[in-house]
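Open the model in your viewer and keep the selection tool ready. The tour begins at one helix pair, then moves outward.

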Amino acid sequence: MLFNSIEFIILLLVTLFLYYLPVFRRLQVALLIAASFIFYGFYQPGLLVLLVTCILANSLMSYHIHQSIDRARRKLLLIVSVVFNLFLLCFFKYGAVLAGFYLNVSNNHNSIFLDYLLLLPLPIGISFYTFEGISLLVDVYRKKETLSQRDSSNLSKYILNTSFFISFFPHLISGPILKAHSFFPQIQTKKWSNIEWEAVLHYLVLGFFFKMVVADNLEDLTNILLFPYFNAYSTYSLLLAVFGFSIQMFADFAGYSLIAVGLGLLLGYNLPQNFCYPYLATSFSDFWHRWHISLSSWLKEYVYIPLGGNRKGEYRTFLNVFIVMLVGGIWHGSSWTYAIWGGMHGLFIIIEKKYSSPAQNIVRKILGWLMVFIVVSILWVLFKLPNIHHFVLFFTALFKNIDKPIIKLGNQFEILIYSFPIVLYYLRHILFQHSFTKLYMHKFTSLRPLVYGTMIFLMIVNSGNAGKFIYFQF
Amino acid sequence: MIYKVAFWVIIFFLGYNVYLIEFPLKNGDYYMLQEKAEDFVFDNRHYDTILVGSSLVRHFRNIPIFQGKQFYNLFLNGSSAASGIELIIKSGKIPKVLFVETHHLTKGLNDTLIKNVFQGYSIKQFLPALQSKHKFLNIIIKKIKPQIKKLDSRGVFFREIFYHHIEQLRHEYSSISDSLKYIQHLNKVDMQLQYLTAKGCTIYLFEVPIEKELALSKRAKFLRFKNHQILNNKNYQWIPYDYHNFYKTTDGIHLLQNESYIYEKYIEWCFQRARKKDLINKRRATLKPLGSDS
C-alpha cells in the first residue's frame, strides 16, 4: 500500500479507532501487526508468506539465542540465523542478476531453475526487514535491552513483540531501519491523550508535501536525464536536471521517512530521524551522518565496528570504510551502478580522511559544501541510469554539450519552481541556527498554521502523478 | 493549531474553486495524459467530430474537419485510441463522426488513466480544483513562462534522440510479438466501436503513415492485416493506407509538421469521397427499384 493512497487512509483511520479504544488496549500490538500485514499484503498477499517466514525464523532463533547459556551454541545460532537473513536477501535481490550472468557465461539455456530465478520478483521492503532481523539477532546475542525480564520466558509474547518490531507498518517498506534495542523498550500500552498532535501534524504535512508536491512533480521533469534524451540538452539544462533529481531524491525519501515518523508518533512510537539536512554537509563523512541515518548507523554498528572500525590502523580503517560503503551501495540493488555509487562514496570518504582536515573557516566550509553537493548530486544520476554505459555517455554529454543552445521549451523553470520548497526548508534551518536570525525567525512562528494550510492546499490541488517511493525498489 | 490549519485549507481551496468556476481555463494543448483526458471529459461541451489516437495525431488541426469549436483532438501521448474511445463512452460525449488512428492499438486500454479520470467524477465536476489540469503551480508557471512559438525548432536538437528512437523501432518492428494479446485488444476496440455506431456515430479508421522501411516491415504488415480483419464491420469506414506518397518523420513514426499537413489533406479527400459514396448509397436505398410496385 502507498501512504498516499485512499486504501491506506481508510486502513489508518480504522486502525486508529480500534487501537485507542479502551476495550482493545490489551490487544494494541496484535492490532498493529494485523494492520501491518494488511498494509504489506494488500496488493500481493503472496508476499506475506515470505514476511511471516522471515519474522518467525528471526523470532525463534533470537529466542533460542536469548535462552541459551552455552556461548558456543549462542554463536552458532547467531551465525546460522544471520546467514539465513542474508541468503533470503541475496536470493531475492541478486538471484536474477546472478542467473543472467551465469547464462551469459555458460551456454546452458535449458535450466528451469535459472529461468525461475530470472523471473523472480523482488519482494518489496525485503532489504529493510532482513536488516532489522539481523539487528534483532545481534542485539539479543549482545544482550542488549531487547526483552524485559517479564517477557523473556513467554515465547508467544516474544514472537508477538518481534513480529511487531519487524512488521510495524510505518517503517516496514522503506525504513527507517529500526534497531531492536531502541524499539523494544517502547512496546507498552498507548493512550490517545498522549499523542503529540503538533509534532504529528508537522511530520505528516511536511512528509506528504515533500512526496506529493515536490518529488512526484519533479519525477517527469527530470526525465531528460534518461538515455538517450540527455544527448539533446545543453550542459546548463543537464546540470539543472541533476539538481532537480537531487532534490527529488531527498524529497521522496525524506518525505517517506517524515511520514513514517509522524505515523509512529500517532501510534505512540518514536521512530528515529532518518535525515538531518544532508545537503548542508561540508564533507562526505558529514553527508553520511545526515543522509539515511538509520542505514548508516546500522552499517556502522553491525558491519564497520565488527570489521575492526578504526582500531586497526589507518589502512585497515580505509579498507573498512570502503567495504561498508560498497555494502551500502550493493544493498540498494543488484545493478553494478549501485556498487559503483557506493564505491565512489567510499573512495571520496577515504581521500577526505587521508588528505583533508576538518574545515574551520567559512570559505573552506562553503567550498566543501559546494563540492560535496555537486559530487553527491552527480552520483545520484546512477540511480536514474542503471546502466554504466549510459552513465558514461551522460558524463560525456555533460562536457560535450557545453556549447549547445539552451532549449526554451525545456523544463528548467518548472524544475526551479518545484525545487524551491526544499531550498526554503534548508534556508529556514540555516536561519534558525544563528542567534541573530533565530530571534527574527521566531517572530514568524505564528504563521505556521498558514504555512501548513498552504502546504495541504497544494497537496490537494497540485500533487504529481502518485508514484511509488523511489526507495520501494530497494 | 489544527483548527487554524483547517481554516486556511478551506479558505484556499474554496477560493481557488470559485476562481476556476468564475474564470474557467480554455481548452489547452495538454501533454500529460490525465490532464488531456480530464480536459475533454470535464469541459461541459459536446463535439460533433472527435479524433482519437496517440501522439501521432497531436498536430492534426490543419484541415476544416479538424478545426472549429465542434471538433476535439483527443490525442493521448503514449496511449492508444482505445483509451480515447473509452473516455468518450464513459463521459457520454458521443460525436456524430469519430476518427480513429490505429497505430498504437497494440498498447490496449490504459486502465489506470480511465480509473484516475473517473475516480470521484461528480466531485471533480463540482470542485474543478481537483482536476489535474488545474494544478495551481502549473497555472502560475504557464502565466509567467514565455510562450513557445514553434515546435519544429526542436528537431535540430533532438536529432540524436530520434536516431536512437528509429534504431529501437527497427528492432521492435523486425518481429511479431504478443499477437494473441493484440487480437484481444482489437476485439475490445471492436466492441467499443459497435457501441458507438449503435448510438449513431460514424467511424472512420486510418493508419498514419510511418517511415517506409517500418511501414513495410513484417510487424507492421501483420498489424495492418489484423486491424482490417477484426475491425471489418460494415459500419466502419477505413481510410486506405497511403502507399503512394513518401512521408518524412522525425523519429520514424511522428510526421514532420508539413508532412502532417499533406497527410491531413489526404484524409480530407478520402473523407469527402466516402461521404459522397455514402450519400449515393443512401439515395439508392430510398429509390424504389423498377417494377417493384407490380
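Select A:Leu295, A:Leu299, A:Val303 and A:Tyr304 in α13(A); they meet A:Asn320, A:Val324, A:Val327 and A:Gly328 in α14(A). Residues are in contact here if their C-beta atoms, placed from the backbone, lie within 7 Å. Helices are DSSP runs (H or I, at least four residues), numbered from the N terminus; strands are E runs of at least two.

This is a predicted model: local features need pLDDT of at least 70, side-chain atom pairs count only at pLDDT 80 or more, and totals for chains, interfaces and linings use all residues. Residues are numbered from 1 along each chain as its sequence is written, while chains are lettered from A and ligands numbered from 1 in the order in which they are written.

Now show α13 (residues 293-304) and α14 (residues 314-332) of chain A whole. Their axes come within 10 Å and cross at roughly 130°. The axes are lines fitted to C-alpha atoms over the stretch in contact, with angles from 0 to 180 degrees between N-to-C directions.

Next, select all of chain A. What does chain A hold in helices and strands? There are 20 helices and zero strands. Its C-alpha atoms fill a box of roughly 70 × 65 × 50 Å, taken along the principal axes.

Add chain B. Here 24 residues of chain A are in contact with 24 residues of chain B. Color α10 (197-221), α18 (412-433) and α20 (448-461) of chain A: each supplies at least two residues of the side that touches chain B. The largest share, 10 residues, comes from α20(A).

Notes:
Contact = placed C-beta atoms within 7 Å.
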